[in-house]
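Q: Please take a close look at one part of this model, the sheet shared between the two chains. Which strands make it up, how do they pair, and what lies around it?

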Amino acid sequence: MSSSPEEKIKKLGKKLGANLVGIASVEDINKYAPEGHRPDDVLMGAKSAIVFAGQLTPKGAWHSKGYQVHHMNRSFGIPYRNRIAFDVALYIEEKYGYYAAVASGGNISAKLCAEMAGMGTRSMAAGIVLNKDWGLLNFGVAMTTMPLKPDGMVDEQVCPHPSCVKRWEKEGKTFCLDACPECLSGELEDGKIKWMRYNRHVCATRAQTRSINSFQRTLLEAINEPDLEKRKSIVLGTFFGSVVATVSTANTMGQCGECLRGCPITIKARTLKPKWKPGDPG
Amino acid sequence: MGRYISPEIYNKYKQQVLDMSLAVQNYVGIEQQRTESCMTDAEMAAKLGLTAAEVREIRTIAFNDLHHADMWLNSDDEKRMKCQSYFKKR
């Protein structure tokens, strides 16, 4: 029996390296996305959004005592997922004759598309989408005018994990709220998120410590510094040097991720058990 | 040169624009609330009587202007401390 276009597209996405592939209908996305940020604002006549998700980093990147290893590894994922979206967009155009394009550059919310494609649900940790098996994911999105059968949202909320509910009932804390009270606040009620608040402006200084924004801010500081020796120290010093280096590689991310170190969902997702031991055949 | 926003306009609207933008995100349950914050530039512009281009400029400058340069520098230590504290507790 021949497989459906949806199955073929998902199979190709996985072959190209996605851990998960989901399909959302533009009609569903548009119930939440504001005007100007809808898939059919970006690609006229778009009917479907195909989301390619992958684990954020190799699991080992979470097992480093230096946060920098985790950050550096995270920078590879999004271009990689976008490359999958690009290849699948070309496949759809060639095989099925429908327009397709990669959604990028902040025009549409990949997070919303991922939710609508059944990849997970928003979490107390900055409202990011957590998947029950893969934890924190990153996403590439291809939009197409091809009408595809959507996967729909997942029925059960992934966050909070039962151990967070227990901790909340005992201590009034969850692991993420405890890790980063500067960025996150919220409450659980009856085992679910009652409300939450994310101070993105604080998180940005941590997620994007070395970024275009910190470059602009530090440069302004240097320009405004009347003392020439202090100004020299700012511009020629290690921090500004590393900021400039990172701007040249566009190495940046949305959240710093420290709130997720103790998250039971991400711990499960990043835990490995050896499948081979010395002496076993390779 | 970038689009020029006068200091009067910038200072008058910067806090409102920040409050209405994605800089602070509120959720009820897991649904993002978009009546007070998380608005698009066009939505903010309609509320404030500005153009979307003016709001975009104010928002971009205000976001970079909000925290002193030291906060970016110090965030390195914050992350290091949080990461080390996690491994110490394990």
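A: What follows goes through the shared sheet strand by strand, then the contact around it and the chains on either side. The model is predicted.

The sheet is open and has 4 strands, in the order β7(A)-β8(A)-β1(B)-β2(B), with antiparallel pairing. Its edge strands are β7 (184–189) of chain A and β2 (31–32) of chain B, each of which pairs on one side only. Strands of a sheet pair through backbone hydrogen bonds, in either a parallel or an antiparallel sense.

On the chain A side, β7(A) and β8(A) pair in the antiparallel sense over 6 bridges. One residue pair in this register is A:Glu187 with A:Trp195, the latter in β8(A). The two strands form a hairpin with 2 residues between them. In that turn, A:Asp190 has a positive phi of about 50°.

The pairing that crosses from one chain to the other is between β8(A) and strand β1 (residues 24–28) of chain B. It is antiparallel and runs over 5 bridges. Two residue pairs fix the register here. A:Tyr198 stands opposite B:Gln25 in β1(B), and A:Asn199 has B:Val24, also in β1(B), as its bridge partner.

On the chain B side, β1(B) pairs with β2(B) in the antiparallel sense over 2 bridges. Within this pairing, B:Tyr27 stands opposite B:Gln32 in β2(B). A helix of chain A also belongs to this picture: α9(A) packs on the sheet, where it touches β8 of chain A and β1 of chain B. The direction of α9(A) makes about 65° with that of β8(A).

The sheet is part of a wider contact between the chains. This contact takes 33 residues from chain A and 31 residues from chain B. On the side of chain A that touches chain B, the elements giving two or more residues are β4 (121–122), β8 (192–199), α9 (200–207) and α10 (212–224). Of these, β8(A) gives the most, with 7 residues. Sorted by class, that side of chain A has 9 nonpolar, 14 polar and 10 charged residues.

Now to the chain that supplies the other two strands. Chain B has 4 helices and 2 strands, and along the sequence these follow the pattern α-β-β-α-α-α. The radius of gyration of chain B is 17 Å, whereas a compact globule of 90 residues would have one near 12 Å. Its C-alpha trace spans about 55 × 35 × 20 Å along the principal axes. Of the 90 residues of chain B, 29% count as buried. Among contacts in chain B between residues at least 6 apart in sequence, 48% join residues at least 24 apart.

Chain A, for its part, is divided into domain 1 (5–144) and domain 2 (209–249). The C-alpha centres of these two domains lie 34 Å apart. Elsewhere in chain A, helix α7 (residues 162–171) is hardly covered, with 1 buried residue among its 10. A:Gly172 follows α7(A) and has a positive phi, near 70°.

To return to the part asked about, the sheet runs from β7(A) through β8(A) and β1(B) to β2(B), and the step between the chains is the antiparallel pairing of β8(A) with β1(B).

Terms used: Residues are numbered from 1 along each chain as its sequence is written. Chains are lettered from A and ligands numbered from 1 in the order in which they are written. This is a predicted model: local features need pLDDT of at least 70, side-chain atom pairs count only at pLDDT 80 or more; totals for chains, interfaces and linings use all residues. Domain bounds come from an automatic or database domain assignment. The radius of gyration is taken over C-alpha atoms; the globule rule is 2.2 Å times the number of residues to the power 0.38. A residue is buried if 20 or more other C-beta atoms lie within 10 Å of its own, exposed if 12 or fewer, and partly exposed in between; C-beta atoms are placed from the backbone. Two residues are in contact if their C-beta atoms, placed from the backbone, lie within 7 Å. Ala, Val, Leu, Ile, Met, Phe, Trp, Tyr, Cys and Pro count as nonpolar, Asp, Glu, Lys and Arg as charged, and the others, Gly among them, as polar. Two strands pair if DSSP finds at least two bridges between them. Axes are lines fitted to C-alpha atoms, for helices over the stretch in contact, and angles run from 0 to 180 degrees between N-to-C directions.
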